[in-house]
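This report concerns the nonpolar core of one protein model and selected residues. Please consult the sequence and the coordinates while reading.

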Amino acid sequence: MAMTMNGEVQLAAPREAVWAKLNDPEVLKACIPGCEELERTEDGGFRATAKMKVGPVSARFKGKVTLSDLDPPNGYKISGEGEGGVAGFAKGGAVVKLAEKDGGTLLSYDVEAQIGGKLAQLGQRLINGAAKKLADEFFANFAKAVQG
């Protein structure tokens, strides 16, 4: 099952500060809902473990995340894939862009993802709702982190 999502969030912080936080594993770990582990790998990516619950399906996903098309402090592409055992798998990516706006930074994102297994059987509406909730939570947490 494929899914797309996009949005933007205005952050009251300079673009360089937002860029630094977007590349800080400690900040990202604290902001990602359900994230238990996030560590940098030798290739500049991350290894991650996150516990997620979508409707009746609960799973611990283990996966890897890679950053590409790095254009500091304007943005990057983040791609990842995770295995959740019987719950299934998720893989996808997001293009993240940072622009100066109203004395702060406008962060915009375009996400494309695919999921399979038990998760995909839950139905598009439930999955989209859960994905939107996770994105909203992440950006609310991230906004708090960059604004100190």
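The text below treats the core, then phenylalanine and threonine positions.

The model is predicted, so local features require pLDDT of at least 70 and side-chain atom pairs pLDDT 80 or more, while totals for chains, interfaces and linings use all residues. Residues are numbered from 1 along each chain as its sequence is written, and side-chain values use heavy atoms, without hydrogens and water.

The largest nonpolar core (buried Ala, Val, Leu, Ile, Met, Phe, Trp, Tyr and Cys residues joined through side-chain atoms within 4.5 Å) has 41 residues, of which Leu11, Val18, Leu22, Leu107 and Phe142 touch the most other members. Helix H3 (residues 124–146) supplies the largest share of this core, nine residues; helices are DSSP runs of H or I with at least four residues, and strands are E runs of at least two. Beyond four places in sequence, Phe142 is in contact (heavy atoms within 4.5 Å) with Leu11, Val18, Lys21, Leu22, Val27, Cys31 and Leu107.

Phe138 is also found in helix H3. With a relative accessible area of 13%, Phe138 is buried, that is, under 20% (exposed is over 50%, partly exposed in between; 1.4 Å probe, protein chains only). Its contacts beyond four places in sequence are Leu28, Cys31, Ile32 and Pro33. Phe138 and Pro33 lie 105 residues apart in sequence, with C-alpha atoms 6.4 Å apart.

Thr105, in strand S7 (residues 104–116), is buried at 0% relative accessibility. The table gives two distances from its side chain.

| Side chain | Backbone atom | Distance |
|---|---|---|
| Thr105 | Ala13 oxygen | 2.6 Å |
| Thr105 | Arg15 nitrogen | 3.0 Å |

Definitions and conventions:
A polar contact is a pair of N or O atoms within 3.5 Å; within protein, one must be able to donate a hydrogen and the other to accept it, and residues adjacent in sequence count only if both atoms are side-chain atoms.
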